[in-house]
Amino acid sequence: MNEFSSVAGARAVNRRNSIWRKVLRKFLADRTGVAGLAAVLVYFVAALGVWCGWWGTDWADLGGSKWEAVSAAHWFGTNIIGQDIFSRAIYATSTAFEVGVVVAVLATIIGGVLGAFAGFFAGSWIDELLLWAMNVLDAIPFYLFVAAVAYSLAGSPYAMHVAMITSFWIGTGRLVRGEVIKLRNMEYIEAAYAIGLSRFMIIFRHILPNTSHILLVQASIAFVSAIKAEVILSFLGIGIRDGMSWGLMIEESTKEVLAGFYNNFIAASLLMFGLVMAFNALSDALQDAMDPRKVA
Amino acid sequence: MRFLVQKYIAGLLLVAVIAFAAGCESDQSVHQVSAPPGLKTYRHAMDQAPTSLDPTQAANVYANHVVVNAYDTLYAYKYLARPYQLKPNLAADFPTVSADGLTYTIRIKPGVRFVDDPCFPDGRGRELLAEDFVYSIKRQFDPKNQPQGAWLWQGRIAGLDEWKAAGSDYDQPASGLRAIDRYTLEIRLTRPYPQLVDTFAQGYSAIVPREAAEKYGKALGVHPVGSGPFRLVSYDSSRVVMERNPYYRQEPVDLQAEGYDPVEQAYTGIEAIEGRSPPFLDRLEIDFITESSAAWTSFNKGNEVQFTTVPIEQIDRVLADKNPIRLRPEYAARFHMYSGLEAGFVFTAFNMDFPELGYSPDPERNRRNKALRCAIIKAYDWEARNQSWYFGLATYFPGIIVPVSPEYDPDLSRDSVTLDVAGARRLLRDNGWTPENLPTLVYGTTAGVTERLFFEQFRAWMRAIGFPHDKVVRKTYATFGDISRAWKRGELPLVAKGWGLDYPDAENTLQLFYGPNGSPGSNDANYRNPEYDRLYERSSVMLASPERTAIYRRMNQMVTDDCVAMTGLSRTRIYLWHKNVVAVPDREIVGGFFLKYVDVLPVAQTRPEG
Amino acid sequence: MQYVLRKMLTGIPLILGVTLVSFALMVYFGPDMTYQLLGKNPTAEQIIEVRHQLGYDQSFIQRYLAYLTELIRLDFGNSSSGEPVRSLLAKTIPVSLILILPGFLLGHILGVLLALAAAFWRGRWADKLIMAIAVIGMSVSFLIVIIAFQILLCSSDGLNLFPVRGWNVQSLPDYLSYIAVPTLATTFVALGYETRFYRSVFVEEMTRDYVRTARAFGLSSRRIFFRSIFKNCLIPIITRVMFSIPQVAIGGSLLIESYFGIPGIGKATYEAIITGDQPVLKAVVSLTAILFVFVMTLNDILYRAVDPRVSLK
């Protein structure tokens, strides 16, 4: 980082590009990370197929009888009302991506922007206000907060998303704030001031891009957290409204496993475990690859 | 380095030990009550916790189970008689009724005492008097208590509504409800009310001493002071613990009078309680276990709860045969079983106030709407619902008179509960319904996973008769309270709900479609049929008779013919209990009244052979 | 002392914020209890009566101010079951604490130990193994862990070693048997997170310039580790542990409590949220906020104790 002593922003941009190349090289050398990425891509294709209507379209049909075993017609069997578990599990993959992406992207954007503002104006009332907001939201236990948001927005299909975003941006916000406090005292920022760039310009063009390693890692963490939280929230009855998700399948299965029917449980928990695991591996590798001390 | 790590481990272990010791200390500070050994204890289980033990809040079976054991009621249901029959409990006998059916005189048993409690002047429970009953019913008309039971007597017992309008002053009399002397009550009605005695067998009418209500105020809900067979030891959201009320009146059991049927019930060993005075337990614990899996595991362990409803997902593992219901040998060796239909039903009514499927000012549309409703009813697959959710053990029937009601007619045409997709499609086509002009069906449910699958099943049935996927929509509500609000405000076109009978008289379900009970009342369908209303009013003042039964059945047919509801289904409940427990547990109607008759044998005596 | 008081005073805006947000969410926009308190066949007039009794007919400001008054007096009245909120909290919080504490401590202690090992052998197989297990632990859903453990350890289909229900704690053996499975489950799930977090803290500290310098000067790694690294890592460790406290004390463990039927604060609060039991919610929210401020203050003081360079401004 301390090599960022070029005169103006232009050279910082160049520098950034070369750093990204190094990151990429380092990432590609990490076998676990690449395997994780590959697995995530496979999941993504599964989700893409659902969005394009290639498969998983019959998730709501009563195509069989109750609790059918695995067969050629029903690869994972059928559930209690005769729906095809394979279709539902695949359909749920797209839900997982929807929830994960929406929450991760929005939480990261909000956390990044607010964190950057707080850090850039550290010590001023803006910073105080944002810190206060973060503390306030942090002080409310997560599941209780999510439950409260979900109930107060009852009926809205996005209650769960809103609740997760509202709590997930804070971690990113704090990290970005800390990073920006370090960055803003760097010479190139002072130089940017000197040539008369506006503060917003500086924040968005010169500071935020330099926190991208934090944002990327935080987004991947938020993605995983969102998928995992969805399971618990579905159990508590405040998950997604319509459609299908792994959380709903696991919730369906809590009673079935005791009757000796494990298909829902296994299908949903393995698929979920695979994606979460792959994403964790991916985000670890990203973190390693982007550790500035190692890159520099 | 290795040395260092060891040192750290040692240090951290030390911290752990200290922390643990601290944990144990705080453990002692938690005052938990437990059964001292040697006391005869029975551990019952229910799938939900009551929210309050105040009789004014005794709205559900869970609260009732506890309330009728902590408090006394004038009447109760016979322990063993099926169909259910009333018997005097605190009352000395059945009421004397005047010739016009409007004045009831009830004598109560003398010498009954409340349990000892600091609310009484010297801490000792005083005698229960007729005046206490008057006070307790008045509490249901005092808005400060947010009472839920007033609807049973509103407009029926003279003077109570006026008493409430005048400010609910307990020192003021209510004209139709008074104690003539210490042990005699007189109740005057505004019109005949054949179900009055039934209402006096409910938790709502349990008898509370004024001292306790005044001393504890709202906290009466967690601090019951009654004269029932048990007194409260502790109560929280996970269980209630009660102990024998030492003052409970001595009344030896007469099995004959309780309706004992040696053929059907001898297997329970119930004859052992003949001639003895309940309660037989020193201690009664009721665990509230919401997750059926946890309840089932706990029950099977042998040393935890001694009673369970067989969770629906265990049916195939537990039953060898479904008709008649028979346990597999390994379960039969360890447990006793009782099965019976619930006193209630589930149904889905159309809200007739929605012009797109209910009453329309346009007679032509009215006719087409009726065809639409009838088609939806034909497409409703009760058999599939029964198979997937109730393992085929439930009973579905046409109309709204449930099988446990004495007025149920088993010979009614089953057309309205028979799946007929072709007929439904034809009906829609003949009446000009197309996928484009079909209205959107909004199906409201609470947020549970089962409710979601109910909906998905319903949507698939509707798609089978031509509804597009997105014209069958689910609206979820966080809590039962929230969905009730939607029902009461008439916001949902489809009302899928269950109704538990308050008393075994079909009037209790027929009132669900009585016009003046429309939203926010119990007629969520907002069905208004003048002929039906007239019949209801006529029958509601009649005592049970073949004539009344005929009227009931006519009303039932009207609901079916007008295609007002997809109805209905009564679930079969299967109860298991440990073999050392002597009981016939049934949570329907008899409900909590059975608990005082429960006896527990020493375990050694009942070990199954082999 | 003066510092502590000052710090506590700066907590007031925080308390106001937390109470305002939670009040708006849980109480004002939360579920309406009216329809749960109505009989089966209510009249319009009864609905108005109940709403009035519950205070739903007042404005937001009126209700929030009333809440603040209650907060100052620390008296929130009676819950919907009629029990005074104070006694409800006094009953449920200790249960949650003794339920969660063992798993909480175990998670952190084992996490620190495993992280130390991983950081010490960084890059070798021990590190890779520990981290792989941590990632697996992090990838399994808590719910699945609870269900699996309950079937394996508590049911007659499994080992049937521990009770499922009851929570009837009289003696130490009782206590141990009741908390065994919840503790296992919480530790299992927490361990992955704790280990990763602490490892990153240790690794970060180990790669600092001063460590390299010290090494270059020939100080033994044991000495460096003990004198500097661990000490410097204490701050993040303390912060993490401290800030988990309000979550643990108030949030309890909702899933554990509902699955094992333990009458703790997590379950009580959750039930209050879904039914809209205002007095309970108000009390829990206030308590959380106060505890949070308290923890922040305590955290600052501990910083100072650990690292004298941190001045208490």
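The exercises below work through a predicted model of a complex with chains A, B and C.

**Exercise 1. Confidence**

Task: State what ipTM and pTM the predictor gives the complex, then find the mean pLDDT of chain B and of chain C, and locate where in chain B the pLDDT stays under 50.

Solution.
Step 1. For the complex, the predictor reports an ipTM of 0.82 and a pTM of 0.83.
Step 2. Chain B has a mean pLDDT of 89, with 93% of its residues at 70 or more.
Step 3. Residues 1-34 of chain B stay under 50 in pLDDT, and the model has 40 contacts beyond four places in sequence for them. Residues 605-610 of chain B are also below 50, and this stretch has six contacts beyond near neighbours in sequence.
Step 4. For chain C the mean pLDDT is 80, and 89% of the residues reach 70 or more.

**Exercise 2. Chains A and C**

Task: Give the secondary structure of chain A and of chain C, and work out what share of the residues is buried in chain A and in chain C.

Solution.
Step 1. Chain A contains 12 helices and zero strands. Its pattern along the sequence is therefore written with helix symbols alone, a helix being a DSSP run of H or I with at least four residues.
Step 2. The C-alpha trace of chain A spans about 75 × 45 × 30 Å along its principal axes.
Step 3. Of the 296 residues in chain A, 52% are buried; the criterion is 20 or more other C-beta atoms within 10 Å.
Step 4. Among contacts in chain A with a separation of 6 or more, 69% are between residues 24 or more positions apart.
Step 5. Chain C likewise comes to 12 helices and zero strands. Buried residues are 48% of its 313 residues.
Step 6. In chain C, 71% of the contacts between residues at least 6 apart in sequence join residues at least 24 apart.

**Exercise 3. The four-stranded sheet of chain B**

Task: Determine the strand order of the open sheet of four strands in chain B, name its edge strands, and say which helix lies across β1, β8, β9 and β10 of chain B.

Solution.
Step 1. The order is β1-β10-β9-β8 in chain B, and the pairing is mixed.
Step 2. β1 (41-46) and β8 (230-235) of chain B each pair on one side only, which makes them the edge strands.
Step 3. From one strand to the next, the twist averages 20 degrees.
Step 4. Strands β9 (residues 239-244) and β10 (residues 283-288) of chain B run antiparallel and are joined by five bridges. One residue pair to inspect is Glu243(B), whose bridge partner in β10(B) is Arg283(B).
Step 5. The helix is α2 (residues 61-70) of chain B, which runs at about 130 degrees to β8(B).

**Exercise 4. The three-stranded sheet of chain B**

Task: Find the strand order of the open sheet of three strands in chain B and the bridge partner of Met337(B) in β21(B).

Solution.
Step 1. The strands follow the order β11-β21-β14 in chain B, with antiparallel pairing.
Step 2. The edges are β11 (307-309) and β14 (335-341) of chain B, each paired on one side only.
Step 3. The average twist between successive strands is 20 degrees.
Step 4. Seven bridges link β14(B) and β21 (residues 572-578) of chain B in the antiparallel sense. Within β21(B), Leu576(B) is the bridge partner of Met337(B).

**Exercise 5. Domains of chain B**

Task: List the domains of chain B and describe how domain 2 and domain 3 of chain B meet.

Solution.
Step 1. Domain 1 of chain B comprises 9-37 + 255-335 + 583-600, domain 2 comprises 72-215, and domain 3 comprises 343-570.
Step 2. Taken over C-alpha atoms, the centres of domain 2 and domain 3 of chain B are separated by 35 Å.
Step 3. Eight residues of domain 2 of chain B contact 11 residues of domain 3 of chain B. On the domain 2 side, four of these residues are nonpolar, two polar and two charged.

**Exercise 6. The interface of chains A and B**

Task: Count the residues in contact between chain B and chain A, and identify which element of chain B gives the most to its side.

Solution.
Step 1. The contact involves 25 residues of chain B and 22 residues of chain A.
Step 2. Elements that each supply at least two residues to the side of chain B include α8 (292-301), α9 (315-318), α12 (382-390) and β18 (472-477).
Step 3. α14(B) gives the most, with seven residues.
Step 4. By class, the side of chain B that touches chain A has eight nonpolar, eight polar and nine charged residues.

Key
Residues are numbered from 1 along each chain as its sequence is written. Chains are lettered from A and ligands numbered from 1 in the order in which they are written. This is a predicted model: local features need pLDDT of at least 70, side-chain atom pairs count only at pLDDT 80 or more; totals for chains, interfaces and linings use all residues. Two residues are in contact if their C-beta atoms, placed from the backbone, lie within 7 Å. Ala, Val, Leu, Ile, Met, Phe, Trp, Tyr, Cys and Pro count as nonpolar, Asp, Glu, Lys and Arg as charged, and the others, Gly among them, as polar. A residue is buried if 20 or more other C-beta atoms lie within 10 Å of its own, exposed if 12 or fewer, and partly exposed in between; C-beta atoms are placed from the backbone. pLDDT is the predictor's confidence in each residue, from 0 to 100. Two strands pair if DSSP finds at least two bridges between them. Axes are lines fitted to C-alpha atoms, for helices over the stretch in contact, and angles run from 0 to 180 degrees between N-to-C directions. Domain bounds come from an automatic or database domain assignment.
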